Amino acid sequence: MFNAKFKKKLTKFFEPFMKIDANKRKMQELSNGFESEDDFQRNVPVDRMDKIIEVLKDTIEVKKGIEYKTIKEEEAIHTLEELKRFRTLPKELKSPQGYRIIPLLHLDIFKLGGWGICDACNKDQIVFMYIGVLNSAYCQACYEEWITIAKYYPQDIHVETRNIERTLKVITDENN
Ligand SMILES: [Zn+2]
């Protein structure tokens, strides 16, 4: 029915789409075994995140070849890189002034009734630095700016303690 040249042309035309489909299946396999998106984001092992990033990068290359948009893949890579960064952060830390800081995921911010945006710059974030004394969640950049100007007021510590305790209670409550 088709001559060889046309067949070859057709195969070449479909190749990127087949590759995109194959990558989609790979992604599904790699994200299998989790109850929910929440479960995935909190518990997926780092090496599995790396594999997913690899597949996403490959999809981006293929899509660029056919001039398709790659915003979704780029966003997914950003999310995974941020989730990886979150895993490297301690459960709690102290600012240079001595204020208590809790690194939180956007999932935790939703639990707290927030929108998942930085309280200082209003940009969407995956990882937040919760500043107890301000009862605010900042992105990394705004947090770093804040620590250069914040002053330590011992009289605010009872407010900090109250905020931190309430926040920890909400984010560790399984039923929330
Ligand atoms: Zn910010």
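In the predicted model, Tyr130 of strand 3 has Ala137 of strand 4 as its bridge partner. The two strands pair in the antiparallel sense. Three bridges join them. The hairpin of strand 3 and strand 4 has four residues between the strands. One of these positions shows an unusual backbone setting by sign: Asn135 takes a positive phi near 50 degrees.

On its other pairing, strand 3 meets strand 2. Five bridges link this pair, and the run is again antiparallel. Ile101 stands opposite Ile131 of strand 3. These pairings belong to an open sheet of four strands. The strand order is 1-2-3-4, and the pairing is antiparallel. Strand 1 (93–94) and strand 4 form the edges, and each pairs on one side only. In general, strands of a sheet pair through backbone hydrogen bonds, in a parallel or an antiparallel manner.

Strand 3 is mostly covered. Five of its five residues are buried. Val127, Met129 and Ile131 point one way from the strand. Phe128 and Tyr130 point the other way. Residues on both sides are buried. Ile131 illustrates the surroundings of this strand. Beyond its neighbours within four places in sequence, Ile131 is in contact with Tyr99, Ile101, Ser136, Tyr138 and Trp146. Ile101 is thus listed twice for Ile131, as a contact and as the residue opposite in the strand pairing.

The largest nonpolar core comprises 19 residues. Those with the most contacts inside this core are Leu104, Phe128, Met129, Tyr130, Ile131, Ala137 and Tyr138. Four elements give two or more residues to the core: strand 2 (100–105), strand 3 (127–131), strand 4 (136–138) and helix 6 (140–149). Strand 3 gives the most, with five residues. Nonpolar side chains tend to be buried together in soluble globular proteins.

The wider fold comprises seven helices and four strands. From the N terminus on, the elements run α-α-α-α-β-β-α-β-β-α-α. The chain is divided into domain 1 (4–88) and domain 2 (93–172). The centres of the two domains, taken over C-alpha atoms, are separated by 32 Å. The contact takes seven residues from domain 1 and five residues from domain 2. On the side of domain 1 that touches domain 2, helix 2 (37–43) and helix 4 (71–88) each give two or more residues. Helix 4 gives the most to that side, with five residues. The residues of the domain 1 side divide into two nonpolar, two polar and three charged.

Overall dimensions were computed for the chain as well. The radius of gyration is 22 Å. A compact globule of 176 residues would have a value near 16 Å. Along the principal axes, the C-alpha atoms fill a box of roughly 85 × 35 × 25 Å. Buried residues make up 19% of the 176 residues. Of the contacts between residues at least 6 apart in sequence, 52% join residues at least 24 apart.

Two further loop positions have a positive phi. Glu67 has a phi of about 55 degrees although it is not a glycine. This residue is placed in the loop between helix 3 (46–65) and helix 4. Glu67 counts as exposed because it has 6 C-beta neighbours inside 10 Å, and the cut-off for exposure is 12 or fewer. Asn122 is likewise not a glycine, and its phi is positive at about 65 degrees. Asn122 lies in the loop between helix 5 (106–111) and strand 3. With 11 C-beta neighbours inside 10 Å, Asn122 therefore also counts as exposed.

Notes
Residues numbered from 1 in each chain as written. Predicted model: local features only at pLDDT ≥ 70, side-chain atom pairs only at ≥ 80, totals over all residues. Rg over C-alpha atoms; globule rule 2.2 N^0.38 Å. Buried ≥ 20, exposed ≤ 12 C-beta atoms within 10 Å, placed from the backbone. Contact = placed C-beta atoms within 7 Å. Core = buried A, V, L, I, M, F, W, Y, C linked by C-beta atoms within 7 Å. Domains from an automatic or database assignment. Nonpolar A, V, L, I, M, F, W, Y, C, P; charged D, E, K, R; others polar. Pairing = 2+ DSSP bridges.
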